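Got the viewer open? Let's take a walk through this one, stop by stop.

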Amino acid sequence: MNKVWLIIQREYLTRVRKKSFIIMTILGPLGFVLFFIFLVVAFGQSETKKKIAVVNESGYDIVIRDTTNLYFAQEDTSLGYLELVYKQKGYDGILHIPPIRNTSRPNGIEYRSEDQLGIVALTHIESQLTNEMREIKIREANLDKTILTELNETNVQVRQKTLGEEGETEVNAIVSAGVGYAMGLIIYITMFIYGSMVMRGVAEEKTNRVVEIIISSVKPFQLMLGKIIGIGAVSITQFALWAILITITQFVFGIIFYQELSEVQQMLSDPTLAQQSGKEELAKSLAALANINFTAIFLYFIFYFIGGYLLYGALFAAVGAAANEQDDMQALNLIISIPIIISMFIMMKVVQDPNTPLAFWASVFPFTSPIVMMARIPFNPPFWQILLSMVLLIGGFIFSTWLAGKVYRVGILMYGKRISIREIGRWLFYK
Amino acid sequence: MAILSLQNVTKYYGTYKANDNISFEVPEGSIFGLLGPNGAGKSTLIRIITNIIAADSGTILINGEKQREAHHAIIGYMPEERGLYKKMKVGEHLVYLARLKNLGSKGAKAKIEFWMDRFAITDWWDKKIEELSKGMQQKIQFIGTIVHDPKLLILDEPFSGLDPINSNLIKDEIYNLKEKGASIIFSTHRMEQVEEICEEIVLVNHGKLLLNGKVKDIRQRFKKHRFSIHLENDIPLMIGDGRFQVIQQTHLEAIIQADENAHANDLLKVLVEKEININAFHEVLPSINDIFIDQVTKAYS
């Protein structure tokens, strides 16, 4: 055991001291923050200011409301003439509404310009025109507007209540799905990153032949185990550093964007505020987020990450040991990647409907459970299912490590030959 | 006593028999040659001795005890195809190898410093392995193999890729270690080295043991009753005795094939009687190389 510890130390220290590790650790959260900023910029204020001429030949009065970025002006000049001079007149484009016969599906409405409109502007125009058409239809049908307003205010929402020992918790399914999806995705990505790190490490030892020297001092199984645990420790170090760095950046951003954040905070504590500001949906999501037990999710995440990593890490080590050529490695790599990829697809289904038989079986089967159960956890599945899934996962990685150890100790010394699956099967029975 | 004793060791890879019922002993404090053509099963045998893989049947005794894990600590093994972790520094790499052989970190450091000093490479401690040439790496490898003072040292082609100066350096260290009581198993294709260095050899082919014994005895065993005579005068040699035949004569030397029952003295007597003046006379023993080729080709046919 002392020797495994030495191997763990070497695997851990050589990787943690590498420049690439330090760069990844710093750039990881920075990338995360940059991505966030990108999202805010892209969806918040992406549209430039535009002035649009409206040529209305529909025969109806149509008013399109301005927004912060879009100004609309009625023009009486003919379309043909305006097309020639709209730029001189300071317009960015022309919205042409031809005579309308069918108010349900008005034909031929066009935006003419050298530059295309962004999606936000287009959606705004479409929704305004739809509103106008509806108003026209109401008028033509002689309907009472107050009744209609009342009709429009009908809004049914189904809330989900999970029944548990700790009373009822209100959870918004969409937010749970989002969190579940994110968790599953993180496990999926990290399993590949660190799994292939194990694979490359083993393959490197094999190709540069240092392995034979090492295993004249330790058992091959000890070397494999030491490598898997050492790299696992690297991954956990990275997660921990990321968590710390993200907290710090959040704190710093919290100071910089104090105004914006306090608004959200207020909305969280007082939903009516949100309703007034028209950000009801956001407030609901935030409330649902606040309802999710992130500490528990984090602990489950650590368990399922470690479990999944150990299970697949051993298999990746076996692949690294068995393969002699890049082609072999890719083929074998694919075989063990398939269950991970399948888990990902199942996971996408499961976040939509977390209680199907498929969801249950995939979340207890150890080869899919790290991703699928992790995605189910925000939905608070029955505890016995979590327990069963955990026990099976522990059993699963013990089995896969045992199996991988058998392949590893033979494969690591096999040079030059192309390796077939049948051949690997035979190795399991070598003494 | 034997430092290593193999009894009926057999190893299969699937249906392929890599080692077939092999038995031999390596005497303590000797330099022992393990010979055989490529694919003869030498590597498998070495891996069994170093406990990297297990034999299917047979017994392996190390220092008189049944082979077990703890024997790692008294064996030093330098494989033919060798490598090091390229990104590690020389010092930390050697410490790592030493600690895997159960040395404490302080003891390891002291030992490594001693050896680096001996090879005049003390300033390499903080160099990365990848910065070193192949020959330099081989020195590091050698230190890594002997740093824990192994009682049994297994060297697979230790001189391949080394220049003559470094070859001699390593060779001297091998003799030194032997003097200090280490036993050395030396696997090679280079037969002149075997004759020079080894006291005893074992020859394997197709997984089977062909020959085992002291180098001198083996050469005697395979002698072909040939004698070499250095003549004083450059005249064609005529012996005129049915028991002796000149099979080759160059400038001043003749090789004579003797009858199996004839003794060296008989030949001398004939030469004296014929008044043939000679400067030197000796028996021609086959080289280990000849024996090796002979035995292996015989096994093939």
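We start in chain A, and keep in mind throughout that this is a predicted model. Select helices H12 and H15 of chain A: the crossing of these two is left-handed. H12(A) covers residues 294–322 and H15(A) covers residues 369–376. Their axes lie 9 Å apart, and the packing angle is about 165 degrees. Anything over 145 degrees counts as roughly antiparallel, and therefore H12(A) and H15(A) are roughly antiparallel to each other.

Now show the side chains where the two helices meet. On H12(A), pick A:Tyr300, A:Phe301, A:Tyr304, A:Gly307 and A:Gly308. Facing them from H15(A) are A:Pro370, A:Met373 and A:Met374. Colour this contact by class and you get six nonpolar residues, two polar ones and no charged ones.

Next stop: the sheet in chain B. Select its six strands and read across them in the order S6-S7-S8-S3-S9-S10. The sheet is open, and its pairing is mixed. Which strands stand at the edges? They are S6 (75–78) and S10 (208–214) of chain B; each has a single partner strand, so one side of each is left without a neighbour in the sheet. On average, neighbouring strands here are turned by 15 degrees against each other, direction ignored.

Zoom in on one pair. S7(B), residues 152–156, and S8(B), residues 183–187, run parallel and are joined by five bridges. Click on B:Ile154 and you'll find B:Ile185 of S8(B) standing opposite.

Time to add some helices. Bring up H4(B), residues 134–146, which packs on the sheet and touches S6 and S7 of chain B. The direction of H4(B) makes about 160 degrees with that of S6(B). Then bring up H9(B), residues 288–300, another helix that packs on the sheet. H9(B) touches S3 (31–35), S9 (200–205) and S10 of chain B, and the direction of H9(B) makes about 25 degrees with that of S9(B).

Last stop: show both chains and look at where they touch. How many residues does the contact take from each chain? Chain B gives 21 and chain A gives 16. On the chain B side, the elements giving two or more residues are S6, which you've met as an edge strand, and helix H2 (90–100). The largest share of that side, three residues, comes from H2(B). Colour the chain B side by class to finish: ten residues are nonpolar, four are polar and seven are charged.

How values were computed: Residues numbered from 1 in each chain as written. Chains lettered and ligands numbered in written order. Predicted model: local features only at pLDDT ≥ 70, side-chain atom pairs only at ≥ 80, totals over all residues. Pairing = 2+ DSSP bridges. Helix = DSSP H or I, 4+ residues; strand = E, 2+ residues; numbered from the N terminus. Axes fitted to C-alpha atoms, helices over the stretch in contact; angles between N-to-C directions. Contact = placed C-beta atoms within 7 Å. Parallel < 35°, antiparallel > 145°, perpendicular 65-115°, else oblique. Left-handed = near helix turned anticlockwise from the far one by under 90°. Nonpolar A, V, L, I, M, F, W, Y, C, P; charged D, E, K, R; others polar.
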